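Grab a pencil and open the viewer. Here are a few exercises on how pieces of a fold pack together, each with a worked solution.

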Amino acid sequence: MYFIDRCHQENIGVIVDWVPGHFPKDGHGLAAFDGTCLYEHEDPRKGEHKEWGTLVFNYGRNEVRNFLVSNALFWFEKYHIDGIRVDAVASMLYLDYCRENGEWVANEYGGRENIEAADFLRQVKHLLFSYYPGALSIAEESTSWPMVSWPTYVGGLGFNLKWNMGWMHDMLDYFSMDAWFRQFHQNNLTFSIMYAFSENFMLALSHDEVVHGKSNMLGKVPGDEWQKFANLRCLYAYMFTHPGKKTLFMSMEFGQWDEWNVWTDLSWDLLQYDSHINLKTFITGLNELYRSEPCLYRQDFSHDGFEWIDCSDSQHSVVSFIRWDENYEDFVVIVCNFTPQPHGHYRVGVPQAGFYAETFNSDSQKYGGSNMGNLGGKYSDEWWFHNRPYSIDLCLPPLGVLVLKLDKSKTENSSKIGRAAIAPTLGNGED
């Protein structure tokens, strides 16, 4: 309670990892609580997760459901938490989760869906939002179960957000490749937009990806030390500009080399080295950009908030897109170069004429980059490109992400000035 209160005094919200999906077999816990299967199923085909060595709650019993609902409300009522992240939702929703044929029992309709668990989740969300309308509820759900983040009154499970596990795996697969091979896997970058607005998604780089021999983030990406940090800056910048809410796991913000270990401290000693300090500064810059640009979060769950400029330039492993606000009055242009090869005179179509200020450059020197950019921004040309009436001639830094914003204070003659402008040059676009 004291910890949460202190966090709230510093304007920090607290989300608790709530686990109603299974419980341990420890003798001092809920297993065989009164000598019988009080909380769990008697049939091990329903009541046990052999892979984890845990037991499954019997969601068909009113007493068990009420116990779990009361527990969820307790955390909000007594501890004043701001939200819950529900662990292993997929294991709750499917009767055959991690079970072979003959090791599970079908539902009353002969299917593999756990109808009782789905009803329980709806009950929790209905009561939670009745008592605490501003609460946040996030599902760690990795399957295609429909309407996880839809309201309960239309048949959804009632969560606010669902983890986008597909995006996470696509991104980690893509960034683990040598940059030359990325041209053959452009679909990893773009496929998530095909389904991005079917749910309220959260982009998660989680604890599961930095344990059990999977390596920490720096170990996942190729190249020498400079390229490793540049790759991480690329990944994080693409994540922050892509539709969906964001989650980073501890130590990712400063580039820990070792896997996460629950029994030891994080490698804070790495912050004596410039490369790790620079990465931490970069995350600070990303957060400041995100908070200052409502276009990056106001329409995360709507097609109206996202528009590709060009997603097909696989030869250069470059994508460009626009994030719009809700009134189509404000927007930012994002251009990503996912190779160590810089590109001069790279033309990108834009929707309006004017001066496009380079508000963020992941290759900035203060982030440990090569300091290649566009000297603060570029004027547009009256040059039809990417099916748009105007375009800008950019210098794309190596393994870099640019965020550009139309500066409406510039003169109406910006397009004429742009035609006379010199080609892209080196320099820190943020100075």
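**Exercise 1: a helix pair**

Keep in mind that this is a predicted model. Which hand does the crossing of H9 and H10 have?

Solution. The crossing of H9 and H10 is right-handed.

Next task: work out how H9 and H10 are oriented to each other.

Solution. Start with the axes: those of helix H9 (residues 225-241) and helix H10 (residues 274-292) come within 11 Å and cross at roughly 15°. Angles under 35 degrees count as roughly parallel. H9 and H10 are therefore roughly parallel to each other.

Now list who meets whom. From H9 come Glu225, Phe229, Leu232, Arg233, Tyr236, Ala237 and Phe240, and their counterparts in H10 include Phe282, Ile283 and Tyr290. Sort the residues of this H9–H10 contact by type and you get 10 nonpolar, three polar and two charged.

**Exercise 2: the sheet**

Find the strand order, and say which strands stand at the edges.

Solution. Walk across the open sheet: its six strands go E1-E5-E6-E7-E8-E9, with parallel pairing. Strand E1 (15-18) and strand E9 (245-248) each have a single partner strand, so one side of each has no neighbour in the sheet; these two are the edges. On average, neighbouring strands are turned by 25° against each other, direction ignored.

**Exercise 3: zooming in**

How many bridges join E5 to E6?

Solution. Strand E5 (residues 83-86) and strand E6 (residues 136-139) run parallel and are joined by four bridges. Look across from Arg85 and you'll find Ile138 in E6. Finally, add helix H3 (residues 62-79): H3 packs on the sheet, touches E1 and E5, and its direction makes about 160° with that of E1.

Conventions
Residues numbered from 1 in each chain as written. Predicted model: local features only at pLDDT ≥ 70, side-chain atom pairs only at ≥ 80, totals over all residues. Heavy atoms only, no water. Axes fitted to C-alpha atoms, helices over the stretch in contact; angles between N-to-C directions. Parallel < 35°, antiparallel > 145°, perpendicular 65-115°, else oblique. Left-handed = near helix turned anticlockwise from the far one by under 90°. Contact = heavy atoms within 4.5 Å. Nonpolar A, V, L, I, M, F, W, Y, C, P; charged D, E, K, R; others polar. Pairing = 2+ DSSP bridges.
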